[in-house]
Amino acid sequence: MTIRASRKKIDEIAAHIRACRLCAETPEGATLPHEPRPVLRVSSSARLLLASQAPGNLVNQTGVPFNDPSGDRLRDWMGVDRETFYDVSRIAIVPMGFCFPGNDAAGGDLPPRPECRPRWHDSLFAALPQIETVVAIGRYAQDYHFARLGHALPRGASVSEIVARWREFENASPLIFPLPHPSWRNSGWLKRNPWFEAEVLPALRAEVARLVKT
Ligand code: SF4
(Lines give C-alpha, C1' and ligand atoms only; values in the text may rest on other atoms or scores of the structure.)
Protein backbone atom coordinates (compact mmCIF):
# COMPACT_ATOMS: atom_id res chain seq x y z
CA MET A 1 0.00 0.00 0.00
CA THR A 2 1.38 3.45 -0.92
CA ILE A 3 1.74 6.12 1.76
CA ARG A 4 -1.11 8.04 0.14
CA ALA A 5 -3.41 4.97 0.11
CA SER A 6 -2.46 4.19 3.69
CA ARG A 7 -3.25 7.77 4.76
CA LYS A 8 -6.61 7.60 2.98
CA LYS A 9 -7.47 4.29 4.66
CA ILE A 10 -6.62 5.61 8.12
CA ASP A 11 -8.56 8.82 7.50
CA GLU A 12 -11.59 6.78 6.42
CA ILE A 13 -11.54 4.52 9.47
CA ALA A 14 -10.96 7.47 11.81
CA ALA A 15 -13.91 9.31 10.24
CA HIS A 16 -16.17 6.26 10.71
CA ILE A 17 -15.07 5.97 14.36
CA ARG A 18 -15.66 9.67 15.01
CA ALA A 19 -19.21 9.29 13.61
CA CYS A 20 -19.95 6.16 15.68
CA ARG A 21 -23.18 6.14 17.74
CA LEU A 22 -23.29 2.44 18.57
CA CYS A 23 -23.47 2.89 22.35
CA ALA A 24 -26.25 5.47 22.03
CA GLU A 25 -28.40 3.65 19.48
CA THR A 26 -27.80 -0.12 19.77
CA PRO A 27 -25.81 -0.65 22.99
CA GLU A 28 -25.01 -4.10 24.38
CA GLY A 29 -26.20 -3.02 27.82
CA ALA A 30 -27.03 0.37 29.28
CA THR A 31 -27.16 3.23 26.82
CA LEU A 32 -24.22 5.62 26.93
CA PRO A 33 -25.35 8.36 29.38
CA HIS A 34 -24.36 11.20 27.05
CA GLU A 35 -23.79 11.92 23.39
CA PRO A 36 -20.94 9.84 21.94
CA ARG A 37 -17.70 11.77 21.45
CA PRO A 38 -15.03 9.37 20.24
CA VAL A 39 -11.51 10.61 20.96
CA LEU A 40 -8.48 9.23 19.11
CA ARG A 41 -5.39 10.56 17.35
CA VAL A 42 -3.95 8.53 14.47
CA SER A 43 -1.81 9.10 11.39
CA SER A 44 0.05 7.07 8.79
CA SER A 45 3.44 8.27 10.10
CA ALA A 46 3.30 7.94 13.91
CA ARG A 47 5.59 5.07 14.95
CA LEU A 48 4.75 5.35 18.65
CA LEU A 49 1.32 4.33 19.95
CA LEU A 50 -0.07 5.33 23.33
CA ALA A 51 -2.67 2.65 24.00
CA SER A 52 -4.86 3.89 26.81
CA GLN A 53 -8.11 2.99 28.59
CA ALA A 54 -10.95 5.44 27.86
CA PRO A 55 -11.50 9.20 28.02
CA GLY A 56 -12.55 10.72 31.32
CA ASN A 57 -15.16 13.42 31.71
CA LEU A 58 -12.70 16.26 31.12
CA VAL A 59 -11.48 14.69 27.88
CA ASN A 60 -15.09 14.20 26.86
CA GLN A 61 -15.66 17.93 27.27
CA THR A 62 -12.51 19.07 25.46
CA GLY A 63 -11.76 16.25 23.01
CA VAL A 64 -8.07 16.48 24.04
CA PRO A 65 -6.64 13.27 25.57
CA PHE A 66 -4.33 13.46 28.60
CA ASN A 67 -4.88 17.21 28.97
CA ASP A 68 -4.79 16.88 32.75
CA PRO A 69 -2.39 16.04 35.63
CA SER A 70 -2.27 12.39 34.47
CA GLY A 71 -1.12 13.66 31.09
CA ASP A 72 1.53 15.84 32.74
CA ARG A 73 2.87 12.80 34.58
CA LEU A 74 2.77 10.68 31.41
CA ARG A 75 4.69 13.35 29.46
CA ASP A 76 7.26 13.43 32.27
CA TRP A 77 7.56 9.63 32.14
CA MET A 78 8.07 9.82 28.37
CA GLY A 79 10.40 12.83 28.48
CA VAL A 80 8.42 14.86 25.92
CA ASP A 81 6.83 18.32 25.93
CA ARG A 82 3.21 19.03 25.03
CA GLU A 83 4.07 20.04 21.49
CA THR A 84 5.68 16.68 20.78
CA PHE A 85 3.03 14.75 22.70
CA TYR A 86 0.24 16.25 20.60
CA ASP A 87 2.06 15.97 17.28
CA VAL A 88 -0.12 13.29 15.68
CA SER A 89 2.42 12.77 12.92
CA ARG A 90 4.73 11.35 15.61
CA ILE A 91 2.52 9.97 18.40
CA ALA A 92 -0.81 8.13 18.01
CA ILE A 93 -3.21 7.93 20.97
CA VAL A 94 -5.82 5.17 20.86
CA PRO A 95 -7.90 4.22 23.94
CA MET A 96 -9.69 0.89 24.31
CA GLY A 97 -12.99 2.74 24.52
CA PHE A 98 -13.19 5.85 22.36
CA CYS A 99 -15.99 7.56 24.33
CA PHE A 100 -16.19 8.54 28.00
CA PRO A 101 -18.11 5.57 29.47
CA GLY A 102 -19.69 7.53 32.36
CA ASN A 103 -19.28 7.13 36.11
CA ASP A 104 -20.11 4.31 38.50
CA ALA A 105 -22.08 4.74 41.73
CA ALA A 106 -18.91 5.70 43.62
CA GLY A 107 -18.05 8.42 41.11
CA GLY A 108 -15.23 6.52 39.43
CA ASP A 109 -14.99 6.05 35.69
CA LEU A 110 -16.72 2.98 34.29
CA PRO A 111 -14.62 0.51 32.26
CA PRO A 112 -14.24 1.09 28.51
CA ARG A 113 -17.45 0.30 26.60
CA PRO A 114 -17.43 -3.35 25.49
CA GLU A 115 -18.90 -2.43 22.08
CA CYS A 116 -15.81 -0.51 21.01
CA ARG A 117 -13.04 -3.08 20.74
CA PRO A 118 -14.83 -5.70 18.56
CA ARG A 119 -16.32 -2.99 16.35
CA TRP A 120 -13.24 -0.92 15.68
CA HIS A 121 -9.87 -1.90 17.05
CA ASP A 122 -8.76 -4.80 14.85
CA SER A 123 -9.53 -2.90 11.63
CA LEU A 124 -7.92 0.27 12.95
CA PHE A 125 -4.66 -1.45 13.91
CA ALA A 126 -4.58 -3.35 10.61
CA ALA A 127 -4.36 0.11 9.02
CA LEU A 128 -1.45 1.17 11.28
CA PRO A 129 1.35 -1.27 10.32
CA GLN A 130 4.04 1.39 10.84
CA ILE A 131 3.66 1.32 14.64
CA GLU A 132 7.00 0.21 16.11
CA THR A 133 6.29 0.59 19.81
CA VAL A 134 3.12 0.23 21.86
CA VAL A 135 2.98 1.92 25.25
CA ALA A 136 0.17 -0.08 26.87
CA ILE A 137 -1.30 1.90 29.75
CA GLY A 138 -3.41 -0.06 32.24
CA ARG A 139 -4.93 -3.52 32.13
CA TYR A 140 -7.53 -3.08 29.38
CA ALA A 141 -4.94 -1.89 26.86
CA GLN A 142 -2.46 -4.51 28.04
CA ASP A 143 -4.95 -7.39 27.65
CA TYR A 144 -5.83 -6.36 24.11
CA HIS A 145 -2.42 -5.42 22.73
CA PHE A 146 -0.42 -8.25 24.28
CA ALA A 147 -2.94 -10.76 22.85
CA ARG A 148 -3.07 -8.95 19.48
CA LEU A 149 0.71 -9.10 19.22
CA GLY A 150 0.95 -12.76 20.23
CA HIS A 151 1.94 -12.44 23.89
CA ALA A 152 -1.21 -13.48 25.74
CA LEU A 153 -0.96 -12.53 29.42
CA PRO A 154 -1.63 -14.97 32.25
CA ARG A 155 -5.17 -14.71 33.55
CA GLY A 156 -5.35 -12.85 36.81
CA ALA A 157 -1.92 -11.21 36.47
CA SER A 158 -1.99 -7.77 38.05
CA VAL A 159 -0.79 -4.62 36.31
CA SER A 160 2.16 -4.62 38.75
CA GLU A 161 3.15 -8.14 37.66
CA ILE A 162 2.80 -7.24 33.98
CA VAL A 163 4.81 -4.02 34.31
CA ALA A 164 7.50 -5.90 36.29
CA ARG A 165 7.96 -8.20 33.25
CA TRP A 166 8.71 -5.27 30.93
CA ARG A 167 12.15 -6.54 29.92
CA GLU A 168 10.60 -9.66 28.35
CA PHE A 169 9.04 -7.49 25.66
CA GLU A 170 11.78 -4.96 24.93
CA ASN A 171 12.97 -6.98 21.93
CA ALA A 172 9.47 -7.80 20.67
CA SER A 173 8.36 -6.36 17.36
CA PRO A 174 6.44 -4.19 17.86
CA LEU A 175 8.08 -3.48 21.18
CA ILE A 176 5.58 -3.20 24.07
CA PHE A 177 6.01 -1.08 27.20
CA PRO A 178 3.38 -1.95 29.84
CA LEU A 179 2.76 1.01 32.15
CA PRO A 180 0.46 1.63 35.11
CA HIS A 181 -2.02 4.47 34.64
CA PRO A 182 -0.29 7.81 35.39
CA SER A 183 -3.20 8.85 37.63
CA TRP A 184 -2.60 10.40 41.07
CA ARG A 185 -4.36 7.28 42.37
CA ASN A 186 -1.19 5.35 41.53
CA SER A 187 1.18 7.63 43.46
CA GLY A 188 1.30 5.05 46.29
CA TRP A 189 2.15 2.32 43.78
CA LEU A 190 5.02 4.42 42.43
CA LYS A 191 6.42 4.90 45.93
CA ARG A 192 6.18 1.16 46.65
CA ASN A 193 7.85 0.22 43.35
CA PRO A 194 10.94 2.45 42.96
CA TRP A 195 12.34 0.12 40.26
CA PHE A 196 9.72 1.57 37.90
CA GLU A 197 11.25 5.06 37.92
CA ALA A 198 14.81 3.74 38.19
CA GLU A 199 14.67 1.09 35.44
CA VAL A 200 11.56 1.35 33.27
CA LEU A 201 11.41 5.10 32.73
CA PRO A 202 14.99 5.54 31.39
CA ALA A 203 14.35 2.76 28.86
CA LEU A 204 10.97 4.26 27.96
CA ARG A 205 12.46 7.74 27.47
CA ALA A 206 15.21 6.37 25.23
CA GLU A 207 12.70 4.54 23.05
CA VAL A 208 10.36 7.54 22.87
CA ALA A 209 13.29 9.81 21.92
CA ARG A 210 14.26 7.41 19.12
CA LEU A 211 10.73 7.40 17.71
CA VAL A 212 9.81 11.08 17.95
CA LYS A 213 13.06 12.66 16.80
CA THR A 214 12.53 14.81 13.71
S1 SF4 B 1 -17.55 3.90 22.81
FE2 SF4 B 1 -16.86 3.12 20.80
S3 SF4 B 1 -18.55 1.81 20.07
FE4 SF4 B 1 -19.38 3.15 21.69
S5 SF4 B 1 -20.22 4.94 20.61
FE6 SF4 B 1 -18.11 5.44 21.23
S7 SF4 B 1 -16.87 4.90 19.45
FE8 SF4 B 1 -18.86 3.86 19.19
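Angles under 35 degrees count as roughly parallel, over 145 as roughly antiparallel and 65 to 115 as roughly perpendicular, with the rest called oblique. That scale is handy for one helix pair in this predicted model. The axes of H6 (residues 116–126) and H7 (residues 139–148) come within 12 Å and cross at roughly 50 degrees, so H6 and H7 end up oblique to each other. As for handedness, the crossing of H6 and H7 is right-handed. On the H6 side, the contact is made by Arg117, His121, Asp122 and Phe125, and H7 brings in Tyr144, His145 and Arg148. Sorted by character, the residues of this H6–H7 contact come out as three charged, two polar and two nonpolar.

Now for the strands, starting with E1. Strand E1 spans residues 48–52, and five of its five residues are buried, so E1 is largely enclosed by the rest of the structure. In a regular strand, side chains alternate between the two faces of the sheet. In E1, Leu48, Leu50 and Ser52 point one way while Leu49 and Ala51 point the other way, and all are buried.

E1 has pairing partners in E2 and E3. With E2 (residues 91–95), E1 runs parallel, and five bridges join the two strands. In that pairing, leucine 48 of E1 sits opposite isoleucine 91 in E2. With E3 (residues 133–137), E1 pairs over four bridges, again in the parallel sense. Here leucine 50 of E1 is the residue standing opposite valine 135 in E3. Leu48 and Leu50, which point one way from E1 along with Ser52, thus each turn up opposite a residue of a partner strand: isoleucine 91 for leucine 48 and valine 135 for leucine 50.

Conventions:
Residues are numbered from 1 along each chain as its sequence is written. This is a predicted model: local features need pLDDT of at least 70, side-chain atom pairs count only at pLDDT 80 or more; totals for chains, interfaces and linings use all residues. Side-chain values use heavy atoms; hydrogens and water are left out. Axes are lines fitted to C-alpha atoms, for helices over the stretch in contact, and angles run from 0 to 180 degrees between N-to-C directions. A crossing is left-handed if the near helix is turned anticlockwise from the far one by less than a right angle, and right-handed if clockwise. Contact means heavy atoms within 4.5 Å. Ala, Val, Leu, Ile, Met, Phe, Trp, Tyr, Cys and Pro count as nonpolar, Asp, Glu, Lys and Arg as charged, and the others, Gly among them, as polar. Buried means under 20% relative accessible area, exposed over 50%, partly exposed in between (1.4 Å probe, protein chains only). Two strands pair if DSSP finds at least two bridges between them.
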